[in-house]
Amino acid sequence: MSDQIRIGITRERNWREFFFQWEWILVGVLLLVIAVNTWISPYFLNFNTFIRTPATFLDKAFIVFPMMFVLILAKIDISVGSTVALSAVIMATAYNAGLPMPLAMLLCLTVAGIGGAINGWLLVKFKELSFVIVTLSTMIIYRGIAYIILGDQAAGGFPEWFSYLGWGEIFGVPFIFLAFIATAIAFGLLLHKTTFGRAVFGMGRNALASRYSGVNVDRVVFTVFMLNGLMAGVTALFLTSRMGSTRPNVATGYELEVIAMVALGGVSTSGGIGRIGGPILAVFIIGFLSYGMGLANLRAPIVLVVIGSLLIASVLVHRIRFRSKKKINSTV
Amino acid sequence: MRKVVISLLIVMLAMAPAAVLFASGSGEQDGAERHAFVFKNTGNPYGDKQMEGFEEGIVEQGGEAILRAPDQPTAEAQIQIVDQLVAQQVASISITGNDFDALEPVLSRAMDGGISVLSADSAVNPDSRMVHINQADSEMIGRTLIQAAYDMADGAGDIAILSATSQASNQNLWIEWMRTELEENPDKYADLELVRVAYGDDLRDKSVSETEALLQSYPDLEVIIAPTTVGIAAAGRVITDRDLIGEVYVTGLGLPSEMAEYIQNGATPYMFLWNPIDVGYLTAYAATALTSGDITGAVGETFSAGRLGEFEIVESGDGGTQVLLGAPFRFDPDNIDEWKDVY
């Protein structure tokens, strides 16, 4: 008995040590990105870059937080890009059909939340289905519905105040940046300070043990996927506001960018591991990296290759370190 | 051993951003005025030619040209590029819009910052530009293409349009004029039916599958009009591969270098285009005329465009102003050989 307690403590310290180091690696990479950007472009290092530029890449970052929960559960959700498109398209169509804008925005969030809830419900109800297949199906269906509604057209003409979401500033800080910080704090508390967060980690490590220890695992899965859909709706609001109009093909590939950010942030796809700081750093690493390469006017394919290489290198580092720790645990 | 691998990977991690340094090549020239051109997407030969012409026009005036294109033909990708250009304080931004309205917030911000903004080839709305550089009169392009289809179909049968993206404003305007031509001459076109407008998004694979879908759905299809260089080449390829030469004809707007094969084998009896190099070149001169204050983008102003001569700003159909390059040029088996090596 006392043996087991000792083992538990040892393990705890190992994990902490590991994450501490991983986040420092990310901080190092971020500083390196900033240094390289400053070197290759005289226009990079200034106040605007750090305060205003994030507004250009933060729209998809809202999904990063719930996606973290999904990955910690050792699952994945590739339907979020389509959810963004569907909720944006329905919002625009409803507004143009006469619904007042605040209600249309509420409808956007509702549709997105339902989209996520459907994923969650399918996974809970039909446990034999793989989460990849379920979210792949809804990814196709949601975008398909968006195309059925709008065809090949764009819809917009929103009221002037709606552009505030994507373009507005409070004391020179973009509103979207402040919203991102607030969301980060909320999800950070949810993940690290609540029983719900602990349940998510527990299920990621061992779903069966969680079930036997009285965690309502079905409700946790359902809630996490619904949150993922809901935050895709938030992304839809900000993206549509920045663009001033929307189309069924918006946010194509967002799911992959989001998953890339979460993975670079040190959240393991095999579940149970992750801290809120990693993905936040990853959002800024990828954001500033592509922004800096843009300032240097590099061709688009080069940007893709560099980000891809960064991702694979980070995942490999992570994998090897993770395996070494796991081995220690299993020998104990 | 593991430690070696880990440190190796960490070095790789660090190298990724550093690799940018080497890829970025030479730095910018000091003092030269910098003019940017943003095309719809990468991998489009027509766009490459436009950018080539733009660079030629800017460089011969002593400026520096920045050529950009996103990897996806979307407005959101172009918004990010424009943001980056504004941060670099370029003198002018010329853009081939992926969306008529969606670029307005970012482009008006650029203009507020003192940057001259103009659209070329595919327009953005009049509030987000100072002037639009148009290849040729849109009405003439639209009407000419329907007359060509009428001629190829011998006056009867189904015709379809294979366009770029559904938001491409230049293609949409031409399609509008094609419909007008059909509606205004109901007697002449009584037996000609426009069955569908398909969108290949200026992506080669999607254009090919949209063409296949058209052939499948409309067995009586006589002519495919593709008012985009990517679409017409894809349609020409499908018709040739499927052995449908002589049964289904392809016409529209194409690059002579890409279309020579299909013009010679009969898949495309003839087609049209202006010189995309000249579009870029004219845009370059309009951009410098705007930044120097010689013109403001108002109707009636004139400016000189190097080897192309004098141009006047005229009213355009969307409520803004534009500059017209000239009439579209017809390519057929008699002249394709002399043009296919030019562009």
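**A tour of chains B and A**

Start in chain B of this predicted model. Select strands E6, E7, E8 and E9: these four form an open sheet, ordered E7-E6-E8-E9, with parallel pairing. Now pick out E7 (192-199) and E9 (249-252) of chain B. Both are edge strands with a single partner strand, so each has one side without a neighbour in the sheet. Look along the sheet for its twist: on average, neighbouring strands are turned by 25° against each other, direction ignored.

Next, zoom in on E6 (residues 157-163) and E8 (residues 221-226) of chain B. The two run parallel and are joined by four bridges. For one pairing, select Ile161(B); its bridge partner in E8(B) is Ile225(B).

Add the helices. H7 (residues 204-217) of chain B packs on the sheet and touches E6, E7 and E8. Its direction makes about 150° with that of E7(B). H8 (residues 229-241) of chain B lies across E6, E8 and E9, at about 170° to E9(B).

Move to chain A. Select H10 (residues 195-205) and H12 (residues 217-243): their axes are 10 Å apart, and the helices pack at about 105°. That angle makes H10(A) roughly perpendicular to H12(A). Show the side chains of Ala199(A), Val200(A) and Met203(A) on H10(A), then Val217(A), Val220(A) and Val224(A) on H12(A); these residues make the contact. By class, six are nonpolar, with no polar and no charged residues.

Last stop: Leu99(A), in the loop between H5 (80-96) and H6 (101-125) of chain A. Is Leu99(A) buried or partly exposed? Leu99(A) has 15 other C-beta atoms within 10 Å, so it counts as partly exposed. Beyond its neighbours within four places in sequence, Leu99(A) contacts Ala94(A), Ala104(A) and Leu107(A).

Terms used:
Residues are numbered from 1 along each chain as its sequence is written. Chains are lettered from A and ligands numbered from 1 in the order in which they are written. This is a predicted model: local features need pLDDT of at least 70, side-chain atom pairs count only at pLDDT 80 or more; totals for chains, interfaces and linings use all residues. A residue is buried if 20 or more other C-beta atoms lie within 10 Å of its own, exposed if 12 or fewer, and partly exposed in between; C-beta atoms are placed from the backbone. Two residues are in contact if their C-beta atoms, placed from the backbone, lie within 7 Å. Axes are lines fitted to C-alpha atoms, for helices over the stretch in contact, and angles run from 0 to 180 degrees between N-to-C directions. Angles under 35 degrees count as roughly parallel, over 145 as roughly antiparallel, 65 to 115 as roughly perpendicular and the rest as oblique. Ala, Val, Leu, Ile, Met, Phe, Trp, Tyr, Cys and Pro count as nonpolar, Asp, Glu, Lys and Arg as charged, and the others, Gly among them, as polar. Two strands pair if DSSP finds at least two bridges between them.
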